[in-house]
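Below are some notes on this entry, set out as numbered points. Please read them with the coordinates open.

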Amino acid sequence: MAEFHQTPTSLCCCRKSLPDSGGRCVRDSGQPSAGPGPGSPRYPLVDVASASNFRSFQLHHFHLDLRLNFAVKEMSGWLVLDLVPVQAGVCSLVLDSHPSLLIHSIDCKVPGGGQQEPVSLTYRVDPFTDYGSSLNISLPTAAVKPGRLVQITVHYTTTDGPAIWWLDSELTCGQARPLVFTQGHSVCNRSFFPCFDTPAVKSTYTATVRVPDGVTVLMSASRSSYSKQDRVFQFSMEFPVPSYLVALVAGELQHVDVGPRSRVWAEPCLLSCAVKKLGGSVEHWLGVAEDLFGPYLWGRCDIVFLPPSFPIVAMENPCLTFIIASILESSEFLLIDVIHEIAHGWFGNAVTNATWEEMWLSEGLATYAQRRITTEAYGEPFTCLETVVRLDALHRQLRLLGDNNPVSKLQVKFESGVNPSTLMNLFTYEKGFCFVSYLSELCGDVRRFDCFLRVRTHTHSFTHTHTHSFTCLEFEHWLSGCGPPPYEPDLSAGGALIGPVQDLCNLWRSSDPPDLQALTTFDLSAWSTFQIVLFLDRMLDHSPLPHDVMVSLSDSYSSLFDGLNAEVQIRWLQMVVRNTFYPDLPRVRAFLHKHTSRMYTVPLYEDLVAGVMKCVAVEIFYQTQRRLHPNLRRTLQQILFQTSSTNQNGPAVPIVPSSTSSSTPPQQPPAATATTSPAATGTTAAIALRDVNVSA
């Protein structure tokens, strides 16, 4: 790559300038490098999150045949694995599984081997971690030979595993029919089907799904068909994918085409809103991404909007992005989330991190690509503003965790038994983004770095990759160092959007409310969502505020915020709670009665419990619990009643009737607690939910 030339320190938001080290990337040549080629030596691969012996086999293909039973909330059927042993002496097949999977039988067949009937196999299920088990299958030594295909068929039934989310009709948007969806990231799909549950293994797959009348099934597949007479859906994914990217949703779903290779799916009551919000934008974003990073490899780019029970914001399932319907309220957040999932088509889906310890390769690169796309489509100021919001959140989390917390490492070394999902945080996204931005800066030309990424993606498509493909100076410091990113990009191009926000914050941060005349120069009704979010986030950082300042803030803005989206409202309501501002407490109640998604409920409940409003939180919980998914209900009970953490998919939590005579808290806090503030300015969990507003 080209020699690096130091740029001036940012005029606005760059907290650190790049060290004047004269750094070069190790691979410095006239052509962009695509990392090690297919014939290059491979690093020893260990995935501590997988119990399987995936290194002993090549998985060529697998087939799922399932019947969905909404009445008993079960999927039953079988899985067929086409495997080729890669070494001699393999006497067992070990798959990742889960206690929620009921294995009925397993058999083996060697195609073309003269075997007439499948051979029944013995197996055992062993404990592995709290997020899975190992399925150990004894193989017939006479049939298993290196290089020879063997088919393993597993008959099984799913119950209530972490990958499968059954929603009763009252938990759907339309409240007319039940719905089920799966969420495999990162190690959940072992409760969907036995598998090599590691991103290092990719294969094609097919599926047959039988459903009741009136149910539409979608999967993350490149082709599909439907037999109305038999109520059978057929799917085929012709491109190799890792297990966590196999996804299914079934319910009352309809679609509208919004482009030549994209359509929007949703429940009927949501469809027109979703189509209006997206319009023809998806094809535009795809075109911009292709100009930057090369052809989109997956054919279809469909989007399905799921009910508020969807546990994350969005998931980059190939050909079919899952996204929470709650985000439709905010056009700007919707734009960012969809573009981020599109970026995963190149970074994460086509080229995948080999282990979950290297998750930044997916999320850091996708975040960088997302911002390249928004820069080309909407200009650098917009991208800088969005980036400042996220980097502010990163530094906010660092203040809570401390600069020496190992969670802040870009690449965290997993211990056996640690669930990779628990270590997915802002550092994965934003510190990863800063590292990729640093490499782009070293390259000296953002267009040349685009070309590097384009060639790298083309070379490694449908494979996995290691961090070593980005070897450069200061590499270990970036990977293993705790604390903030050593470098952050210059964001001064967003000064015209960010400057007024900081000016308004400065006015409100004095001990007295600002002069009303001074406020008239700031018209928040003309601000973008990201500007208002940045303003509220920075005011949250300075909570608690004097009571008269909160009164003035409420008088000035609360009515405006009532008419804006949930991303704005939740931040204002967190200010209300953290400042024990009782006059606006009815707004907190109304918000939690309306919103039942994890990303909007958990942060507010955390703040209510941390302060003096726990009784309010308990009351709201009892009033709304019937509309909460059981998993979220368990989480909130743990927050409210300080119960020990339990398995997400343990026994259902009973619904406790709410009191009909619950008292209303006073409009002002008791004198003894008037100055009491939350124990912290928020919790790590709340920050992660509110600020990691992108894919899993």
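**Notes on the predicted model**

1. Glutamine 175 is found in the loop that runs between β9 (164–167) and β10. Its phi is near 55°, a positive value in a residue other than glycine. The model is a predicted one, and this backbone angle should be read as part of that prediction.

2. A second positive phi belongs to lysine 73, again near 55° and again in a residue other than glycine. Lysine 73 sits in the loop between β1 (57–69) and β2 (74–85). Lysine 73 counts as partly exposed because its relative accessibility is 32%. For background, most residues other than glycine have a negative phi, and most peptide bonds are trans.

3. Where are the cis peptide bonds? One joins histidine 185 and serine 186, with omega about -5°. Serine 186 belongs to the loop between β10 (179–182) and β11 (203–210). Another cis bond joins serine 543 and proline 544, with omega about 5°. Proline 544 is placed in the loop between α11 and α12 (547–562).

4. On the overall make-up, the protein chain has 18 helices and 22 strands. The chain has 696 residues, of which 58% count as buried. Among contacts with a separation of 6 or more, 74% are between residues 24 or more positions apart. The exposed area of the protein chain is about 25900 Å², and carbon and sulfur atoms supply 53% of that area.

5. Which residues touch the most other members of the largest nonpolar core? They are Ile152, Phe305, Phe535 and Leu553, in a core of 215 residues. Helix α6 (residues 426–443) gives the most to this core, contributing eleven residues.

6. Phenylalanine 535 can be followed in detail. Leaving aside residues up to four places away in sequence, phenylalanine 535 touches Val501, Leu504, Cys505, Trp508, Leu524, Trp527, Leu553 and Tyr557. Leu553, one of these contacts, is also listed with Phe535 among the core residues that touch the most other members.

7. How many salt bridges does the model contain? The count comes to 27. As general background, side chains of opposite charge can pair when their charged atoms come close.

8. One salt bridge is formed by arginine 447 and glutamate 376, whose closest N and O atoms are 3.1 Å apart. This pair links distant parts of the chain: arginine 447 is in helix α7 (residues 446–460) and glutamate 376 is in helix α4 (residues 360–378), 71 residues apart. Arginine 447 is classed as partly exposed because its relative accessibility is 46%. Glutamate 376 is partly exposed too, since its relative accessible area is 36%.

9. Arginine 571 forms a salt bridge with aspartate 537, and the closest N and O atoms are 2.9 Å apart. This pair also links distant parts of the chain, with arginine 571 in helix α13 (residues 566–578) and aspartate 537 in helix α11 (residues 529–540), 34 residues apart. Are these two residues buried or exposed? Both arginine 571 and aspartate 537 are buried.

10. Arginine 571 has a further salt bridge, to glutamate 567, at 3.0 Å from N to O. Glutamate 567 and arginine 571 lie in helix α13, four residues apart, about one turn of the helix. Glutamate 567 is buried, as is arginine 571. Elsewhere, salt bridges that share partners join Arg371, Glu386, Arg390 and Glu430 into one network.

11. There are zero disulfides in the structure. On individual cysteines, cysteine 188 counts as buried because its relative accessibility is 15%. Cysteine 434 is likewise buried, because its relative accessibility is 0%.

12. One open sheet has five strands in the order β16-β17-β18-β20-β19, and its pairing is mixed. The strands β16 (254–259) and β19 (314–315) stand at the edges with a single partner strand each, so one side of each has no neighbour in the sheet. Strand β19 is joined by two bridges to strand β20 (residues 320–324), and the two run antiparallel. In this pairing, methionine 315 stands opposite phenylalanine 322 in β20.

Notes
Residues are numbered from 1 along each chain as its sequence is written. This is a predicted model: local features need pLDDT of at least 70, side-chain atom pairs count only at pLDDT 80 or more; totals for chains, interfaces and linings use all residues. Side-chain values use heavy atoms; hydrogens and water are left out. A nonpolar core is a set of buried Ala, Val, Leu, Ile, Met, Phe, Trp, Tyr and Cys residues joined through side-chain atoms within 4.5 Å. Buried means under 20% relative accessible area, exposed over 50%, partly exposed in between (1.4 Å probe, protein chains only). Contact means heavy atoms within 4.5 Å. A salt bridge is a side-chain nitrogen of Lys or Arg within 4 Å of a carboxyl oxygen of Asp or Glu. Accessible areas come from the Shrake-Rupley method with a 1.4 Å probe; for residues, only the protein chains shown count as cover. A disulfide is a pair of cysteine sulfur atoms within 2.5 Å. Two strands pair if DSSP finds at least two bridges between them.
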